[in-house]
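Here's a quick walk through a few spots worth pulling up in your viewer. Have the sequence and the model open side by side.

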Amino acid sequence: MGGTSNRVEDFSHVINLEPTLPTLDSNIPPFEIHKVPLPPNKTTFQSLKQRLSEVFFPDDPLHQFKGQTCFRKIVLAIQYLFPIFQWGPDYSLNLLKSDVISGLTIASLAIPQGISYAKLANLPPIIGLYSSFVPPLVYAVLGSSRDLAVGPVSIASLVMGSMLREMVSPSKDPMLYLQLAFTSTFFAGVFQASLGLLRLGFIVDFLSKPTLIGFMSGAAIIVSLQQLKGLLGIVHFTTKMGLIPVMISAIKRENEWAWQTILMGLCFLAFLLIARHISLRNPKLFWVSAAAPLTSVVLSTFIVFIFKAQAHGIQIIGHLQKGLNPPSVNMLFFSGPYLALAVKTGLITGILSLTEGIAVGRTFASLKNYQVDGNKEMMAIGLMNMAGSCTSCYVTTGSFSRSAVNYNAGSRTAVSNIVMASTVLITLLFLMPLFYYTPNVILAAIIITAVFGLIDIGALVCLWRVDKLDFLACLGALVGVLFLSVSTGLSIAVGISLFKILMHVTRPNTVILGNVPGTASYRDMGQYREAQRVPALLIIRVESPIYFANSTYLHERILRWVREEEDRAQAMKENSIKCIVLDMAAVTSIDTSGMEALLELKKILEKRSIQLVMANPVGGVTEKLHRSKAIETLGSSCLYMTVGEAVASVSSEFKEKV
C-alpha cells in the first residue's frame, strides 16, 4: 500500500464526479442521489422455480413447444428425443454421397483402431469391432452431432484395462474379466444417461481443462510405453502402468527382444507418423493419415503371410470369430464381490468418455455453426453404452481422431456413422479370416500414432505463460499418471480441480478502487496507474458472492485493507479514513453468514468512527438485506446506485461537517 500517493486533492472535485446529463428541464439539478429499489416481489415458489430453471434448464429446452398445437408438440417431442426424425425427412442423395464417402473413410480408420484399443483394454480384439458396430447405429438415431464418429477410444480403454486388471487377470480368468468389462460399460451408460436425464451435466465440468491436458498427456505417454511389449516382441511384460515399472520391465526383458519385430514396427511406425505429419501440414490430404492404419494392417498382414514371419518371432493376432455381436445380457451381474469394482470402473470411464465425447462434438459443431445439446448428448452416449453392454461392446464415445477425419471427409449428417457401422458389419461377416496373420506389432504402432496427438506440449507452454496455478494442476495430473497409476493420476486431477474451486470460493479477490481523472469511473488502482485515491475514503470492490465459505475471510481481509490504508495515510500525512465504500457489483448473492459478517464489520468500524456504505448491490442482495432487517442496522441510507454517487454523497456530508 506504500509508495507514491494517488489522491483527489479536494472534495469539490469529488462532488462533481458525476457528469451532468442533458435534460429538457433546466431546473433539474446536475447531481442527484438515486434510491436503490427492491426487485419485484416474488413468492417462494416463483423464486425456487426461477433458481431451478437457471440451474437445470439454462437453455430453456421447452421454448419450441410454446404456442404449438397438440399434434405439433408430439412431433417436436419425437424430434427432440430422436434427432434423426428432425433431419431425416429432408435427407437427399447429395447428402448421402457425402456421408458415404466420409463413412467409408472413417471405417478404414475405425477397424484397425477398434482392434488395437480392445487389446489396450486387455479384451479380445473382436470386442473392438463389435464396439464399432452397434454403438454408432444407436448414436445415429439419438445423437445431435453431425460430425461425431463413435467407437472405442484410447484413454477410456486404458483406464478400464488398468482398473480391472488390478483385481482380475485377463489371462488367468478371461471370462470374469469380460463380464466385468461389460458390467462396467453398463454402469457407465447408466451414469451418463442419468446425468443427461437429470440435466446434471455441469458435474462433468469439475474436470478442468488444465488437469485434463495433464492427465491425457500422461496417459498417452503410458499408453505408448505399454506398446513396447508389441513393438519389441516381448512375451512377458509387466502389468503395472507406472513409468518406472514399464521401463524396468522393458530393459530386464532384453533377451526377449526380436529384431524382426523391432524392424517391422519401426518401419510402419515411421510410415504412420509421416502420414500423420502430411495430413497435419495439408488438411486437404486428410485421407493420407486416415487410410494409413488400414494400409499398414493390409501390408503387414501380406508380408507375414508371404514370408511366414510368425515362424520367425513375429506374434500375430490369430483366429477372430466371424459373425454379428453375440448377446451379453447374461454376462452382466449386479451382485457379488466384484460389483464395487465394476461400478467404480464404470463411473470413471463414463466421466472420461463423456467429457471427451461432448468436447469433440462441440468443437466440430462450432466449426459448422450449429449447436450440440450437452444433455441430449449425455443421454445418447449413455443409452449407446447401455445397449452396447448387452451386445458384447465395451465403453465407447466420440473419438477426436475419427471425428476429425469424418469432418474433413465432408460428413453432413450422422448417416456417416451408419455407413461406418455397415462397413464393420461386412468385415465381421466376411473378412475376419483376413486378419489372422495381422502382426501385433502393427497394432502397437497404430496405438502409438493415435495417442501421439494427445501429448500437447504447446498447451503446457501456454499454461505456464498464462496461469502458473493451472500449470501446476496440469503437472500434478501428469506426474500422478506417470509415476503412480492412471486411476491415481485421475484422482489427483479431480482433487486439484476441486482444490482450485475451493480456493476461488473461500479466498475471493478484493481490490482498492480509485477515480480515473476526468471521468466518473472507479477502477482497480493496481491495474489503472492513473487512478486517484479519494481523501478520507477507502473504496473496496468484492469480486465474489458473500456466503459462509468466505464471509470470515472477507471480514478479515477488509479490516486488513483498512489497517494498511490507515498506516499509509499516516505515513503520507494524509486524512484518516472516515468511510468505507464497498462496491457490490460483483457480489451476485449473499447468505445469512455473509450478512452477519457485514453487520459485524459495521460494528467494528463504528467503534473506530468509520462509516460503512455499499454501492451497486444487485437485486437479490438488496432483497435479502431488507428481508433480514439487516438494512435497519446498516442504515437505510447506506445503499447507493453507483460508486460515484456514494463518493459524492459521503464527501458532501464530510464537507458540510467541516
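The buried residues of α16 are G374, N375, K376, E377, M378, A380, I381, G382, M384, N385, G388 and S389. This is a predicted model, by the way. With 12 of its 16 residues buried, α16 is largely enclosed by the rest of the structure. So what does the covering? Among the elements over those buried residues are the helices α3 (70-81), α7 (134-142), α9 (174-197) and α15 (339-367), plus the strands β1 (150-151) and β2 (397-398).

As for geometry, α16 runs over residues 374-389 and reaches 22 Å from its first C-alpha to its last, close to the 22 Å expected at 1.5 Å a residue. Where the helix starts, a side-chain oxygen of D373 comes to within 3.0 Å of the backbone nitrogen of N375.

Now for the membrane annotation. The unreviewed UniProt entry puts "transmembrane region" on residues 176-200, 212-237, 257-279, 285-307, 418-436, 442-464 and 471-499. Two of those spans look like this in the model:

| Span | End C-alpha distance | Helix | Strand |
|---|---|---|---|
| residues 176-200 | 33 Å | 88% | 0% |
| residues 257-279 | 33 Å | 91% | 0% |

One more residue to click on is T427, which sits in helix α18 (residues 415-431). Is T427 buried or exposed? Its relative accessibility is 4%, so T427 counts as buried. Setting aside neighbours within four places in sequence, T427 is in contact with I111, M432 and F435.

Technical notes: Residues are numbered from 1 along each chain as its sequence is written. This is a predicted model: local features need pLDDT of at least 70, side-chain atom pairs count only at pLDDT 80 or more; totals for chains, interfaces and linings use all residues. Side-chain values use heavy atoms; hydrogens and water are left out. UniProt positions are given in the numbering used here, feature names are shortened, and annotations may be inferred rather than shown by experiment. Helices (H or I, at least four residues) and strands (E, at least two) are DSSP runs, numbered from the N terminus. Buried means under 20% relative accessible area, exposed over 50%, partly exposed in between (1.4 Å probe, protein chains only). Contact means heavy atoms within 4.5 Å. The expected span of a helix is 1.5 Å times one less than its number of residues. A polar contact is a pair of N or O atoms within 3.5 Å; within protein, one must be able to donate a hydrogen and the other to accept it, and residues adjacent in sequence count only if both atoms are side-chain atoms.
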